[in-house]
Structure formats: structure tokens, C-alpha cells
Number of protein chains: 2
Amino acid sequence: MLKEWGTVVERVYRFIEENKEMYIEWLQNLCRQPSVSIENRGIEEAAHLVKMYLQDIGAKANLIETKGHPIVYGKIHEEKERTLSFYNHYDVQPEHPMEMWDCDPFAAEIKEGKLVARGAADNKGALMARICAVHAYQKVYGQLPINIKFIIEGEEESGSKQIKELARTQPELFKADLCIWENGIKNEDGSFELKLGNKGILYVQLVAKGANVDLHSSNGAIIENPAWRLIWALNTLKNANEEILIDGFYDQVQKPNEVEKQILEKMEFEEEETLNRLGLKNFVLNLKGTELKEKLMFQPTCTICGIHSGYTGEGSKTVLPSEARVKIDFRLVPNQVPKEILQLLREHLDRHGFSDIEIIAREGSYAAKTDPGHPLVMKVIEATKKLHGIEPRIIIMNPGSGPMYNLCQQLGIPAVGFGVGNPDSRKHAPNENIFIRDYVEGIKMAATVIHDLA
Amino acid sequence: MLKEWGTVVERVYRFIEENKEMYIEWLQNLCRQPSVSIENRGIEEAAHLVKMYLQDIGAKANLIETKGHPIVYGKIHEEKERTLSFYNHYDVQPEHPMEMWDCDPFAAEIKEGKLVARGAADNKGALMARICAVHAYQKVYGQLPINIKFIIEGEEESGSKQIKELARTQPELFKADLCIWENGIKNEDGSFELKLGNKGILYVQLVAKGANVDLHSSNGAIIENPAWRLIWALNTLKNANEEILIDGFYDQVQKPNEVEKQILEKMEFEEEETLNRLGLKNFVLNLKGTELKEKLMFQPTCTICGIHSGYTGEGSKTVLPSEARVKIDFRLVPNQVPKEILQLLREHLDRHGFSDIEIIAREGSYAAKTDPGHPLVMKVIEATKKLHGIEPRIIIMNPGSGPMYNLCQQLGIPAVGFGVGNPDSRKHAPNENIFIRDYVEGIKMAATVIHDLA
């Protein structure tokens with residue numbers, strides 16, 4: 001099958017292979033530009049760099065200034081019937097903890113077939129693969145068979161506030177027949193993961209305060225310890241059965257429907273491999289099989305992302321801390337409203353006697369889902385099969401989060417995500433990486449979708 | 001009364017007043033030498049500096065090398081009947097958190113009548129006051145009326161391991177009729193606190209481990225979170241009623257006896273003032289009066305000194321941590337054995353399903369008590385009254401810890417502690433300070449005790 005169809009698109013693949021060194025350099029160049037949104041580090045430089053790449057491939061590109069970081073917006077309008085949009089982000093997570101990296105997180109070194117860099121998998125690799133696909137397609141055919149929009153924000157790692165605001169005030173900028181979502185992985189069997197939805201998120205910080213100054217710990221007998229208060233408060237939020245104990249928290253949570261259940265059952269998930277890679281004996285509650293996948297995809301979470309109080313350096317400082325802080329993210333499923341969950345959390349703490357614990361919250365985002373039966377989504381599914389004959393794995397609900405609800409679902413645009421990561425890409429963690437071969441295939445995949453969508 | 005008695009000792013006081021600028025400079029000089037034992041920072045330099053001061057006042061001084069930090073040992077042997085020993089330490093706590101200091105913690109600046117420096121109160125002020133007292137006494141009278149020993153260790157802030165070992169192997173070095181313990185405060189009414197005992201301590205670190213690498217927090221649905229495990233484990237250790245829930249923990253704890261109860265009831269404790277200073281509304285469990293004092297002096301504690309897991313910087317990093325650590329100190333009362341408490345803790349964690357949580361423990365130390373009716377202790381009590389006519393406040397049991405059991409009680413030496421701190425000295429905390437006037441009076445107090453002990 002590939003043979004005949006290939007007469008058309010194989011030239012693009014060949015061009016990609018012939019120019020892959022250049023495409024790898026483009027990505028290294030992008031990864032070498034730090035762009036840590038929550039620290040406002042390298043943001044302007046990264047935005048301009050991305051704009052420059054868009055202009056280089058012939059897009060009409062500009063920076064949309066916002067109250068936060070600029071959004072890079074690019075358009076290649078070929079007066080075609082169909083419009084495909086690419087949603088990506090040029091920002092990355094902080095590289096902390098530095099000492100766990102085997103190399104400089106912004107050196108973008110290639111080691112044993114992998115590019116190791118903060119942002120390589122999330123999501124500069126996917127972003128650059130799309131830019132390269134457009135470049136290659138045009139080089140081979142002179143023009144594109146569809147209209148293309150690039151929508152590239154700089155605050156994905158810190159809540160996507162500005163791009164949500166833009167989608168609210170200027171929805172026409174986002175109009176498209178299909179949106180290719182930021183990111184995804186290729187599995188060890190070579191199959192692409194296609195993501196059709198993602199969880200929502202509510203990220204909060206809880207702050208407990210004690211005396212107005214750190215004290216000698218001998219005072220622990222009579223002075224309230226905010227670290228203990230925070231422990232007791234947290235203990236009321238989730239139990240060792242992984243049940244979130246906030247009244248009403250699960251009210252909007254729905255079981256997967258029949259179609260979703262079938263996809264879930266078919267979905268492969270390398271349990272042993274994942275456990276071995278992470279050095280673990282089992283998943284939570286010793287879950288396996290469909291139950292495990294359902295927990296991952298269809299259940300909301302309450303995760304401690306960070307906790308700090310008092311002295312945590314070397315040795316044994318005997319101090320009674322004056323403050324304790326914890327960062328928690330709730331990953332939400334469809335119909336859970338971040339603002340309502342925040343309200344339930346406040347009420348829960350008050351009810352349990354923790355009115356003194358302050359909640360600092362971000363706005364949060366809703367979960368989003370795309371119908372796997374949508375005709376354009378089916379075209380993407382077909383494209384992965386054409387590319388290398390392997391069935392993709394459909395992820396109904398990516399357990400991570402993003403502004404898909406605001407940018408797509410709310411505007412009636414179906415969304416599907418794929419990318420260039422791998423199961424051990426270590427997103428948000430030290431030694432983030434992608435395989436060079438996955439990057440090159442990611443360029444081909446994007447080119448195939450561009451071709452097939454026409 | 002002071003008048004006649006004063007004919008003898010008033011000349012020493014006068015000498016101290018006339019030379020106080022010099023004595024203040026000596027202390028500033030010592031405080032400017034960082035000596036953070038748990039970071040092994042400035043230790044050798046500080047030990048040599050102290051030895052030099054001892055030699056300057058005519059002591060036969062040397063450094064006793066150990067497997068850890070050296071012990072400064074000094075002796076002025078006047079062939080007298082009585083021997084008084086001074087126990088102090090030249091090490092200090094780390095200055096963390098730096099950003100909370102109003103000035104450089106090692107600049108030893110004088111501000112509004114206070115010397116602000118790490119170690120000023122704990123316990124370089126008291127140490128130097130004793131050196132100055134010996135200096136002044138000798139300058140006035142040519143010789144001392146008693147023999148003096150200085151025993152000055154460099155690991156008090158990290159468990160006093162080496163000096164305990166020295167007391168075990170060379171107890172003759174410690175032999176004395178009375179030991180003046182390291183430290184203490186003067187209250188706002190001008191009264192000295194005299195400490196006749198201190199709590200023991202067991203300091204542990206608990207470590208929970210999850211995946212071998214930090215993960216994206218979306219994995220929180222299925223991957224065990226060591227931060228949550230630590231929360232659940234900690235929650236089993238102590239409840240919101242401040243009860244320590246380890247089986248057998250209270251078995252050796254005794255109620256105060258009648259004499260102790262009387263001293264406790266007489267003991268003044270500025271509740272309102274303390275609360276106001278710390279910005280608090282109440283003490284734990286809303287305790288007041290004798291109950292509050294009994295809790296502070298006679299009850300063991302379980303205090304979180306520090307907890308850390310995951311990302312704790314600015315903003316909202318969505319990470320599932322691979323590890324969580326907590327530092328806890330248990331302040332122990334007489335008859336509680338650190339090693340046994342450690343064993344009870346291990347059994348408790350195992351029994352509650354937390355065998356996976358590792359305990360890293362230091363050796364710990366026993367609580368110690370000196371009989372308030374001992375004739376030499378009574379001489380010290382009398383000395384404070386003579387000095388300025390104000391009754392001292394007797395602290396049967398200092399809620400802090402130290403090696404008093406090993407260095408004194410076990411060797412049959414009564415111990416009493418006093419010093420130059422104040423109720424807001426901020427020991428172990430930012431802006432540690434002493435009043436210059438308290439330092440000068442501390443020199444006089446030490447001189448008085450030297451004089452009266454003869």
C-alpha cells in the first residue's frame with residue numbers, strides 16, 4: 001500500500017532523511033535556549049527564535065504580546081479548503097534538581113542516539129518536528145496542500161493563562177478543522193501514542209504558619225509546629241487507599257463509556273517494563289491491567305509535588321520551623337470544575353479545623369476530550385499506519401494537563417496529539433531526552449498528516 | 001549586704017566595667033569566626049582562637065584531638081581545695097535561612113545595645129564571659145581562689161559525640177566539685193535563669209523512597225508518592241492533641257516530685273509576653289500556668305525540625321517526587337533511653353505498615369538533673385542574689401539538650417547553667433543576639449561564683 005501512496009509522499013520522506021542533520025541542529029539550537037517560564041528565564045529570546053524559524057519556512061509570523069509571556073503566532077495561508085493548527089509551547093520546566101543530570105540540561109548533547117536536554121521531549125522536539133515537516137513539504141512540492149496555523153505559547157508550564165485569555169477574546173485566531181496537540185510519545189514497539197484528551201488541573205499551595213520566627217526545637221513542647229499542622233491537614237485529604245477524602249470531590253467523575261472501555265482494554269501498557277524502569281515493585285494498590293489504565297486515565301488525583309519546612313540541609317539542626325508549605329496538584333477529569341474543587345478544598349480544611357491554613361491557588365484548567373470517531377481524527381490514525389504499518393495506541397485521556405478545553409473543545413475543534421518522546425523521556429525530570437530516530441520519524445509523521453488531510 | 005561583701009569583689013566589678021570595651025571586642029572577635037560544626041566550617045580556626053584566649057588568661061591550654069572536632073581543654077591550677085569546671089562549646093548552628101537576617105550573621109555588629117551574631121547567645125557570649133571573669137579576677141587579685149577547668153567542645157550542635165567519648169575514656173579530665181554548664185538567659189526583670197538539668201535528645205531522619213527518578217506529576221494516579229507515604233507515617237506518630245502515639249514512649253516518663261512541683265509553681269513564665277513576641281494567640285492545647293510549665297520541662301517531645309520533598313521553589317512545577325525526607329527530634333526526659341526510643345520508633349513504623357521507611361539516627365543523649373539542694377548549687381543561687389539582689393529563676397529541667405548526663409551526672413558532678421542570653425535571643429534562628437549589658441553582667445556573675453566558691 002505504501003508503494004503507490006508513497007509515490008506522492010516518499011519524496012518528502014527522502015528529503016527529510018537527506019536533511020536530517022540540519023533538522024537536528026535546528027532542534028539543538030532551540031533546546032540550547034533556556035526558556036523557563038516560571039522563572040521568566042530566556043522567554044523573550046526563545047519566542048523570537050521560534051518566530052524566526054517560522055518566518056524561515058515562509059510563515060507570516062508575529063509575537064502576540066500579552067500580560068504574561070508572548071504567544072508566537074504563525075500562518076501559512078494557501079487558500080486551501082482545510083486548515084490544520086499546531087498547538088505547542090516554547091517554554092520548559094525548571095531543570096531542578098541539577099545534581100541529578102548527567103550533563104548540562106541546556107547543552108543539548110547527543111548521547112547514544114538520544115538528544116538530552118530540558119524541553120527535548122516537552123515539547124521542543126515536537127514543535128521543531130512540525131516546523132521541519134512544513135519546511136520539507138514545501139521544499140519538495142513548492143506549496144502546502146492545506147492552510148497551516150502555528151499557535152505557540154510561553155506559559156504552558158505555568159498554567160497557560162494568557163493563551164486561554166486569547167482564545168476567549170480572539171477565538172478566530174484558533175479556528176481550524178483539526179488541531180494537532182503539542183506532544184506525545186512513541187512506544188517501544190514503534191507505535192505512536194495519539195492523545196485525544198487531557199485531564200484538567202488545579203494546582204494549589206497550602207501554607208501553615210506558626211511563630212513569626214524559627215525557634216529552637218526545645219520549644220516544640222509548647223509552641224505549635226506548622227509542619228505538624230500541615231501533616232495533620234494533609235492526612236485528611238487522601239488516605240493510604242489512594243482515596244481523596246474531600247466531600248463531593250468525586251461527584252462529577254464518570255466511569256468510561258463502552259467505546260472508551262474498549263479502547264482502554266485494547267490499549268497496551270507495559271506494566272513490568274515501566275516498573276523495572278522506575279525501580280518499583282508495583283503500582284499503587286497493586287493495580288494491574290484495565291483497572292490500572294482506568295485509574296491512570298479516568299480518575300482524578302491529589303499529588304504532593306513538593307513540601308518544605310524548616311531545616312533540610314546536611315546534619316541535624318534542631319529548629320522549630322515558623323512555616324510549612326506544600327504544593328499539590330489535582331488532575332481533574334471531564335466535568336470537574338477547578339474553581340469548584342478549590343471551594344470544596346477550602347470547605348474541607350475549614351470543616352476539619354484547619355481554617356488557619358492558607359490556600360494559594362492558580363486558576364486551573366478543565367479536562368478535554370475529542371471523539372475518537374471524528375473523520376479527521378480517523379485520518380490521523382490512518383496516517384500513522386501508512387507511515388510504518390503499526391497501529392497507533394489511542395489515549396482517550398492523557399493524564400497530564402493543558403489548555404485543550406479552552407483552545408479546542410470549547411471552540412468545537414477536534415484535537416489529537418502526537419510527538420517525538422519515548423516512555424523514558426523523563427519530562428519535567430532530570431535527563432529529559434528523545435531518540436534522534438523518533439525525532440526524524442516525528443517530522444515524517446507531521447508531513448504525512450499535512451499530506452493526508454488535504 | 002552588698003556593701004561589706006563588696007569590699008572584696010567590687011574591685012573586680014569595677015575592673016570589668018573599666019575594661020568592658022576590650023571584653024566586648026574579644027567576644028566580637030570570636031563571633032566573627034564562623035564555626036558551624038555540622039558543615040565543618042571554620043572549626044579548626046575557632047578552636048585555635050579559643051585556645052589562644054585561654055592561654056592569654058594564663059591557662060595551660062591544649063587541643064585534644066578526637067575523631068571529630070577538637071576539644072579545647074584549659075586548666076588554671078592554683079593548688080586550691082575546690083575545682084570549678086566550665087563546660088562550653090565553640091561551635092554554632094548554621095545561619096540558614098540567610099534571607100531572614102537583618103545583618104551578616106558573622107559581622108558581630110552592635111545594634112541598639114545588642115550584639116547580633118550567630119553564636120552570640122548559644123554560646124559564645126557565655127564562653128567569653130567566663131574567660132573575661134577569670135581574666136578580671138586575676139588582674140585584680142593576682143591569682144584565683146579556686147582551681148578552674150575549661151572544657152570547650154566543638155560538636156555540641158551536632159550531638160557531642162566526641163566529648164562523651166572523652167568523658168568515658170578519661171573521666172579524670174572532667175573531675176570537679178561543680179560544673180558551670182554552658183548557657184542560660186537573663187529574664188526581663190533582671191533575674192538569672194539557673195538551669196539544673198536538661199532534656200535528652202534523639203534526632204532521626206526518616207526517608208521514604210518512590211520511583212528512582214522524579215516523574216511528571218500526571219503519574220500520581222498510579223505511582224506511589226513517597227511524600228504521601230511520609231505524611232501518612234508521620235500522622236501515626238503524633239496527633240493533634242500533641243500525644244506521641246508510639247507504644248511505650250511514655251513508660252519511663254515521671255511526674256515532677258513535690259520539690260520540683262514547688263519550684264515549677266514558683267517559676268515565672270511570661271506567657272502573654274512570649275506569645276506576643278512570637279505573634280501567637282496561644283500555646284499548644286491552650287495550656288497555661290503550671291500545666292504549661294510542666295509540659296515544657298517534664299514532657300518529652302516529637303518535633304519536626306525539617307521536611308523536604310519534590311519541588312519547593314517559585315511557581316508550580318508539576319512533579320512526582322522520588323524521595324521524601326523528614327528530620328525529627330525527640331526531647332527526652334530522665335529515664336528515657338535514646339536507644340530504646342529508637343527501637344520503639346522502628347517497631348511502631350513496622351507495625352503501621354511503614355517498614356519501607358528508613359530511619360537514619362544519631363546516638364542521642366540522656367536527660368540529666370542536678371539536686372537543687374546541693375550546697376555548691378546553693379552557693380551559685382546565693383551569688384546571683386548578691387550580685388544584684390534579684391532572686392534567680394530555677395529551671396529544674398532545661399527543655400533543650402546537651403551532654404550533661406555524660407559529663408556531669410554520670411561522674412557525680414553537680415551542674416548548674418547560667419549565661420548571657422535573653423528571652424528573645426533567637427538561638428538557632430536568624431538575628432541571634434545578646435544585650436551588651438547582659439554580657440557585662442554575665443562576666444560579673446562568673447567572677448562572683450569564682451569568688452564565692454572558695
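Through which surface do the copies meet, judged by the interface residues of chain B and chain A? In this predicted model, 100% of the interface residues of chain B are interface residues in chain A as well, so the two copies meet through the same surface. Superposition gives the accompanying geometry: a turn of 180° combined with a shift of 0.0 Å along the axis lays chain B on chain A with an RMSD of 0.0 Å. This is the relation of a two-fold axis. Among the residues of chain B, the closest approach to the rotation axis is that of H308(B), whose C-alpha lies at 2.3 Å.

Within chain A, three strands make up an open sheet with antiparallel pairing, arranged in the order β4-β5-β19. Its edges are formed by β4 (109-111) and β19 (433-435) of chain A, each of which pairs on one side only. From one strand to the next, the twist averages 30°. Strand β5(A), comprising residues 114-116, runs antiparallel to β19(A) and is joined to β19(A) by three bridges. In this pairing, K114(A) is placed opposite F435(A) of β19(A). Helix α4 of chain A (residues 120-141) packs on the sheet through β5 and β19 of chain A, with its direction at about 45° to that of β19(A). Helix α13 of chain A (residues 436-453) lies across β4, β5 and β19 of chain A and runs at about 70° to β19(A).

In chain B, an open antiparallel sheet is likewise built from three strands in the order β4-β5-β19. Strands β4 (109-111) and β19 (433-435) of chain B occupy the edges; each has a single partner strand, and therefore one side of each is left without a neighbour in the sheet. Neighbouring strands of this sheet are turned against each other by 30° on average, direction ignored. The antiparallel pairing between β5(B) (residues 114-116) and β19(B) extends over three bridges, and F435(B) in β19(B) serves as the bridge partner of K114(B).

Helices also accompany the sheet of chain B. Helix α13 of chain B (residues 436-453) packs on the sheet and touches β4, β5 and β19 of chain B, its direction making about 70° with that of β19(B). Helix α2 of chain B (residues 20-31) lies across β4, β5 and β19 of chain B, where the helix runs at about 20° to β5(B).

Terms used:
Residues numbered from 1 in each chain as written. Chains lettered and ligands numbered in written order. Predicted model: local features only at pLDDT ≥ 70, side-chain atom pairs only at ≥ 80, totals over all residues. Heavy atoms only, no water. Pairing = 2+ DSSP bridges. Helix = DSSP H or I, 4+ residues; strand = E, 2+ residues; numbered from the N terminus. Axes fitted to C-alpha atoms, helices over the stretch in contact; angles between N-to-C directions. Contact = heavy atoms within 4.5 Å. Least-squares fit on C-alpha atoms with pLDDT ≥ 70 in both.
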